[in-house]
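Subject: Handover of a structure and notes on its contents

Dear colleague,

Please find below the structure that I am handing over to you. My notes on what was found in it follow directly after.

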Amino acid sequence: METNQTPMGTLLEALAFAAHKHRNQRRKDADSSPYVNHPIALARVLAVEGGIEDVTVLCAAVLHDTIEDTQTNADELTALFGPEVTSVVLEVTDDKTLPKAERKRLQVEHAPHISERAKLVKLADKICNLRDILDSPPADWPVERKKEYFVWAASVVQALRGVNPRLEGVFDAVYARHLELA
């Protein structure tokens with residue numbers, strides 16, 4: 001990252017980086033939509049619905065799955081986007097060497113202890129995931145698995161509460177939509 005980069009330029013660099021890293025990945029929905037739509041949606045939720053203008057948070061949102069789901073490492077992110085962005089990304093990155101149930105348990109356990117910036121990214125991630133499950137769910141997920149995801153996501157978000165009332169309201173509205181359909 002250039003030292004004279006503007007905040008908008010840095011965000012666009014992060015978007016370009018994420019698009020490149022996720023270029024061959026697809027979501028699990030019936031349309032196999034491009035994966036990069038997900039990190040873009042997080043940044044949109046944060047900026048538009050949450051009123052977040054912190055470029056570190058927005059960049060971390062765009063990059064939040066690069067270490068977890070691509071051949072990206074922390075050193076690469078630090079060289080390009082600096083230690084603050086990398087720190088937030090690392091806080092929301094699951095250890096994929098652990099079983100899924102353990103990763104989910106750790107998310108709930110760690111949620112109250114992560115930084116405010118990481119809490120914002122995590123909250124936006126849960127909002128986007130719930131919306132995706134409601135609007136374009138993974139093709140092979142039965143109703144019960146969807147319900148279980150909503151309950152688990154709510155337990156993660158409960159541990160994040162207090163970070164941004166606007167985003168918490170958005171989460172609550174999405175969660176309520178799920179209850180209406182159940």
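At what angle do helix H7 (residues 116-135) and H9 pack, and how far apart are their axes? The two helices pack at an angle of about 25°, and their axes are 10 Å apart. An angle under 35 degrees counts as roughly parallel, so H7 is roughly parallel to H9. The crossing of H7 and H9 is left-handed. Please bear in mind throughout that this is a predicted model.

Helix H7 also meets helix H3 (residues 55-63). The axes of H3 and H7 come within 9 Å and cross at roughly 45°, and the two helices are therefore oblique to each other. In this case the crossing is right-handed.

Cysteines

How many disulfides does a search of the whole structure find? The search finds 0. The reason lies in the distance between the sulfur atoms. A disulfide requires two cysteine sulfur atoms within 2.5 Å, whereas the sulfur of cysteine 59 is 16 Å from that of cysteine 128, which holds the closest cysteine sulfur, and this is too far for a bond. Seen from the other side, cysteine 128 likewise has its closest cysteine sulfur in cysteine 59, at 16 Å. Cysteine 59 is buried, with a relative accessible area of 1%, and cysteine 128 is buried as well, at 3%.

Aromatic residues

The count of aromatic pairs comes to 5. One of them joins phenylalanine 17 and phenylalanine 81, whose ring centres are 5.6 Å apart. The planes of these two rings stand at 75°, so the pair is edge-to-face. Phenylalanine 17 belongs to helix H1 (residues 7-21) and phenylalanine 81 to helix H5 (residues 74-91); with their positions 64 residues apart, the pair links distant parts of the chain. Both phenylalanine 17 and phenylalanine 81 are buried.

A further aromatic pair is formed by phenylalanine 150 and tyrosine 175. Their rings are 6.0 Å apart, centre to centre, with 50° between the planes, and the pair is tilted. Because phenylalanine 150 lies in helix H8 (residues 143-158) and tyrosine 175 in helix H9 (residues 165-181), the pair ties together parts that are 25 residues apart in sequence. Phenylalanine 150 is buried, with a relative accessible area of 1%.

Which residues form one aromatic cluster? They are Trp141, Tyr149 and Trp152. The ring of tryptophan 152 has a charged partner too: the charged end of lysine 104 sits over this ring, 4.7 Å from its centre.

Helix H6

Lysine 104 is found in helix H6 (residues 100-110). Its relative accessibility is 25%, so lysine 104 counts as partly exposed. The C-alpha atom of lysine 104 is separated by 9.2 Å from that of alanine 153, although the two residues are 49 residues apart along the chain.

Arginine 103 lies in helix H6 as well. Is arginine 103 buried or exposed? At 15% relative accessibility, arginine 103 counts as buried, because the cut-off for a buried residue is under 20%. Arginine 103 is 82 residues from lysine 21 in sequence, and their C-alpha atoms are 23 Å apart in space.

Histidine 110 is another residue of helix H6. With a relative accessibility of 40%, histidine 110 counts as partly exposed. The C-alpha atoms of histidine 110 and glutamate 91 are separated by 9.0 Å, and the two residues are 19 residues apart along the chain.

A backbone detail

Most residues other than glycine have a negative phi. Serine 32 has a positive phi of about 50°, although it is not a glycine. Where does serine 32 lie? Serine 32 lies in the loop between H1 and helix H2 (37-49). Its relative accessible area is 36%, and serine 32 is partly exposed.

Yours sincerely,

A colleague

Technical notes:
Residues are numbered from 1 along each chain as its sequence is written. This is a predicted model: local features need pLDDT of at least 70, side-chain atom pairs count only at pLDDT 80 or more; totals for chains, interfaces and linings use all residues. Side-chain values use heavy atoms; hydrogens and water are left out. Buried means under 20% relative accessible area, exposed over 50%, partly exposed in between (1.4 Å probe, protein chains only). Rings of Phe, Tyr and Trp (its six-membered ring) pair if their centres lie within 6.5 Å; planes under 30 degrees apart count as stacked, over 60 as edge-to-face and the rest as tilted. Helices (H or I, at least four residues) and strands (E, at least two) are DSSP runs, numbered from the N terminus. A charge sits over a ring if NZ of Lys or CZ of Arg is within 6 Å of the ring centre and within 35 degrees of the ring normal. Axes are lines fitted to C-alpha atoms, for helices over the stretch in contact, and angles run from 0 to 180 degrees between N-to-C directions. Angles under 35 degrees count as roughly parallel, over 145 as roughly antiparallel, 65 to 115 as roughly perpendicular and the rest as oblique. A crossing is left-handed if the near helix is turned anticlockwise from the far one by less than a right angle, and right-handed if clockwise.
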